[in-house]
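Please walk through this model with the coordinates open. The route goes from the overall layout to single residues.

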Amino acid sequence: ALPALERGRDEAAGGDPGVVGYLVGAAKSRTEREADGESTGEFVGRPAELAALERAYERARTDGAVLVRVTGEKGIGKTRLVQRFLERGPADEARIVRAECLFAERESPLAGASAVLRAALDLADDTPADGIEESVDAQLSRVLEGAPRYRRRQTEFFGALAVGAEPTWNRRVGRQRLLLRQTAFGLAVLLGLGARTQPLVV
């Protein structure tokens, strides 16, 4: 997201009306942008899209994981649509895991997986590497108690992924197709564990 721009006269130019200066503010986070969108007025329309999301949620509760893609032009209201869906029901009973994929990371195939992993484990940005591995190991121990060597490999793998998606990808040159499968399977296991006791929306 581009930083907010506040237009004003350039004092250094002596207030010349022909010279325009800009005060550049800090870029807003997704949470702040969502709050701004909510303050602009009541959510209107999109009944068909909301109904589709609600059907997918109910299907996931009975049949297992469901993937929903919300697509559209920039600024059309994708984030607000999802937020409205969450407000209408899932937020009261489900655990909501929010992960943001940054535009600057669009060339990194594992950036989204790393963001979801960190969000699912409630990892702060300053969590050290050993703290990340402890969180991953605590989750895996629930299903891999009888396979200590495999559990250790998975803990090291996801610890590295949570620390940095790009280094993890670059270390697997020539084996990246396998890496994608390993990441998808491992994330499914971790998220599935979390969904055993409470509905989970990512």
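What follows covers the fold, the helix packing, the cores and two individual residues.

Start with the overall layout. The model is predicted. The chain holds nine helices and four strands. In sequence order the pattern reads β-β-α-α-α-α-β-α-α-α-α-α-β. The chain has 202 residues, and 25% of them are buried. Now take the contacts in the chain with a separation of 6 or more. Of these, 53% join residues 24 or more positions apart.

Next comes the helix packing. Two packed helices are described by the angle between their axes and the distance between the axes. Take helix 6, residues 129–140, and helix 7, residues 148–163. Their axes come within 8 Å and cross at roughly 135°. Helix 6 is therefore oblique to helix 7, because an angle of this kind falls outside the ranges for roughly parallel, roughly antiparallel and roughly perpendicular. The crossing of the two helices is right-handed. On the helix 6 side, the contact is made by A129, I132, E133, V136, D137 and L140. Helix 7 supplies R151, R152, Q154, T155, E156, F158, G159, A162 and V163. By class, the residues of this contact divide into seven nonpolar, three polar and five charged.

Helix 7 also packs on helix 9. Here the angle is about 100°, and the axes are 11 Å apart. The range for roughly perpendicular is 65 to 115 degrees, so helix 7 is roughly perpendicular to helix 9. Helix 7 brings Y150, Q154, F157, F158 and L161 to the contact. Helix 9 brings L179, Q182, T183, F185, G186, L187 and L190. Eight residues of the contact of helix 7 with helix 9 are nonpolar and four are polar. None is charged.

Turn now to the cores. In soluble globular proteins, nonpolar side chains tend to be buried together. In this model, the largest nonpolar core has 18 residues. Which residues have the most contacts inside it? They are L110, L117, V136, F158 and L161. Five elements give two or more residues to this core: helix 5 (111–120), helix 6, helix 7, helix 8 (165–170) and helix 9 (176–195). Helix 7 gives the most, with four residues.

V136 is worth selecting in the viewer. Setting aside neighbours within four places in sequence, V136 is in contact with L121, Q154, T155, F158 and G159. There is also a second, separate core of eight residues. Among its members are L53, L81, L86 and V201.

Two single residues complete the tour. R151 is found in helix 7. R151 also takes part in the contact between helix 6 and helix 7. Leaving out residues up to four places away in sequence, R151 touches D137, L140, S141, L144 and E145. One of these partners, S141, lies 10 residues from R151 along the chain. The C-alpha atoms of R151 and S141 are separated by 7.3 Å.

Finally, look at D122. Where is D122 placed? D122 sits in the loop between helix 5 and helix 6. Its phi is positive, about 55°, although D122 is not a glycine. Is D122 buried or exposed? D122 has a relative accessible area of 62%, so it counts as exposed; the cut-off for that class is over 50%.

Terms used:
Residues numbered from 1 in each chain as written. Predicted model: local features only at pLDDT ≥ 70, side-chain atom pairs only at ≥ 80, totals over all residues. Heavy atoms only, no water. Axes fitted to C-alpha atoms, helices over the stretch in contact; angles between N-to-C directions. Parallel < 35°, antiparallel > 145°, perpendicular 65-115°, else oblique. Left-handed = near helix turned anticlockwise from the far one by under 90°. Contact = heavy atoms within 4.5 Å. Nonpolar A, V, L, I, M, F, W, Y, C, P; charged D, E, K, R; others polar. Core = buried A, V, L, I, M, F, W, Y, C linked by side-chain atoms within 4.5 Å. Buried < 20%, exposed > 50% of the residue type's maximum accessible area, 1.4 Å probe, protein only.
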